[in-house]
Amino acid sequence: MMQEINALKNRITANPQDLAAWTRLANVYHDAGMHAQAADFYAKAVELAKAADEYVEARADGQVCHRARFFPGDRPLRLRELYELVSA
């Protein structure tokens with residue numbers, strides 16, 4: 001377990017925007033019963049997900065599901081800015 005935690009922390013150090021690494025790190029801590037630490041890592045993962053190019057929060061059976069999709073380049077960001085201007 002410690003080897004995986006160290007590897008994930010190294011990934012996050014190299015790329016703080018690595019949503020998959022934050023999520024996996026939270027899962028590892030949760031599975032080890034370290035729920036307070038897991039909650040912090042889950043919060044960071046949700047923060048990153050909400051900053052994605054495409055983000056959806058859905059409720060299923062009383063649970064919140066987060067879906068995030070990232071696109072390469074800056075085109076999606078320009079489209080998001082346009083959408084925010086039009087829908088304002």
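A polar contact in these views is a pair of N or O atoms within 3.5 Å; within protein, one must be able to donate a hydrogen and the other to accept it, and residues adjacent in sequence count only if both atoms are side-chain atoms. The model is predicted, so local features need pLDDT of at least 70 and side-chain atom pairs count only at pLDDT 80 or more, while totals for chains, interfaces and linings use all residues. Numbering starts from 1 along each chain as its sequence is written, and side-chain values use heavy atoms, with hydrogens and water left out.

**View 1. The whole chain: four helices and two strands.** Going along the sequence, you meet the pattern α-α-α-β-β-α (DSSP runs numbered from the N terminus: helices are H or I with at least four residues, strands are E with at least two). Of the 88 residues, 22% are buried (under 20% relative accessible area; exposed is over 50%, partly exposed in between, with a 1.4 Å probe and protein chains only). Take the contacts (heavy atoms within 4.5 Å) with a separation of 6 or more: 27% of them join residues 24 or more positions apart. About 6,400 Å² of the chain is exposed, and 55% of that comes from carbon and sulfur atoms (Shrake-Rupley, 1.4 Å probe).

**View 2. Helix H1 and its two faces.** The 13 residues of H1 should span 18 Å at 1.5 Å a residue, and the end C-alpha atoms are indeed 18 Å apart (the expected span is 1.5 Å times one less than the number of residues). Ile 5, Leu 8 and Ile 12 are the buried residues of this helix. Looking down the axis of H1, you find its buried residues within an arc of 65°, so they line one face (the arc is that of the directions from the helix axis to the C-beta atoms). These buried residues pack against H2. Turned away from the buried side are the exposed residues Gln 3, Asn 10, Thr 13 and Ala 14.

**View 3. Asp 18, in the loop between H1 and H2.** With a relative accessible area of 14%, Asp 18 counts as buried. Its side chain makes a polar contact of 2.9 Å with the side chain of Arg 11. The Asp 18 side chain also reaches the backbone nitrogen of Ala 21, at 3.0 Å. Leaving aside residues up to four places away in sequence, Asp 18 touches Arg 11 and Leu 48.

**View 4. A ring cluster of Trp 22, Tyr 29 and Phe 41.** The whole structure holds two aromatic pairs (Phe, Tyr and Trp rings, the six-membered one for Trp, with centres within 6.5 Å; planes under 30 degrees apart are stacked, over 60 edge-to-face, the rest tilted). Trp 22 and Phe 41 make a tilted pair, 5.8 Å centre to centre with 45° between the planes. That pair bridges 19 residues, from Trp 22 in helix H2 (residues 19-31) to Phe 41 in helix H3. Trp 22 is buried at 13% relative accessibility, and Phe 41 is buried at 16%. Tyr 29 and Phe 41 have ring centres 5.1 Å apart and planes at 55°, so this pair is tilted. Since Tyr 29 sits in H2 and Phe 41 in H3, the pair ties together parts 12 residues apart in sequence. Tyr 29 is buried too, at 9% relative accessibility.

**View 5. Ala 52, in the loop between helix H3 (35-50) and strand S1 (54-60).** Ala 52 is buried, at a relative accessible area of 0%. From Ala 52 to Leu 19 is 33 residues in sequence and 9.7 Å in space, C-alpha to C-alpha.
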